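Let's take a walk through this one together, starting at a helix and ending in the loops. Have the viewer open as you read.

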Amino acid sequence: MIVDRYTKAVLTVIAVALVVMAARPWLPEAGWPGALRPQPAHAQTAAPKYEVNVPKAWGKFVAFSNNNLLLEAPDQSLRIVDVEGKAPEFPKVKALIHWQ
């Protein structure tokens, strides 16, 4: 019987705490200290790992794979450009493909 009373008491305390937590956003602010009021969540934006400027003269974007860009130049040649790194050594051309 003691275990039954203890269980009911603990469950009652949990239920009251949940009701208070659920009702707090609708209660007036005058009775609550500012630190106890729920604060709105703010999303954090992730900074990009790399920021690369690729010259337009290298061609138009065709594809991206394995941190490489595939660019097609006006003369129908293809460039594979590695973008994983920091300036000034990146971006760098890994392969230049000409069709015959």
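Is Leu11 buried or exposed? Leu11 counts as exposed because its relative accessibility is 54%; the cut-offs are under 20% relative accessible area for buried, over 50% for exposed, and partly exposed in between, with a 1.4 Å probe and protein chains only.

A word on what you're looking at: this is a predicted model, where local features need pLDDT of at least 70 and side-chain atom pairs count only at pLDDT 80 or more, while totals for chains, interfaces and linings use all residues. Residues are numbered from 1 along each chain as its sequence is written, and side-chain values use heavy atoms, leaving out hydrogens and water.

Back to Leu11, which sits in helix H1, residues 2-23 (helices are DSSP runs of H or I with at least four residues, strands are runs of E with at least two, and both are numbered from the N terminus). Leu11 has company: together with Tyr6, Val10, Ile14, Leu18 and Met21 it forms a nonpolar patch on the surface, with about 620 Å² of accessible area in total. A patch here takes residues with over 30% relative accessible area and no salt bridge, joining nonpolar side chains (Val, Leu, Ile, Met, Phe, Trp, Tyr) within 5 Å and like charges within 9 Å. The areas come from the Shrake-Rupley method with a 1.4 Å probe, and for residues only the protein chains shown count as cover.

Helix H1 also holds a charged pair, Asp4 and Lys8, set 4 residues apart, about one turn of the helix. Side chains of opposite charge can pair when their charged atoms come close. Asp4 and Lys8 do form a salt bridge, with the closest N and O atoms 3.7 Å apart; the rule asks for a side-chain nitrogen of Lys or Arg within 4 Å of a carboxyl oxygen of Asp or Glu. The count by that rule comes to 1 salt bridge. Lys8 is exposed at 52%, whereas Asp4 is partly exposed at 39%.

Now for the loops. Between strand E1 (60-65) and strand E2 (68-72) you'll find Asn66, with a positive phi near 55° in a residue other than glycine. Asn67 is in that loop too, and its phi is near 60°, again positive. Asn66 is exposed at 67%, while Asn67 is partly exposed at 33%.

Move on to the loop between strand E3 (78-82) and strand E4 (92-97), where Pro88 is found. Pro88 is exposed at 78%, and its C-alpha lies 9.7 Å from that of Val52, 36 residues away in sequence. Pro91 belongs to the E3-E4 loop as well, and the peptide bond leading into Pro91 from Phe90 is cis, with omega near 0°.
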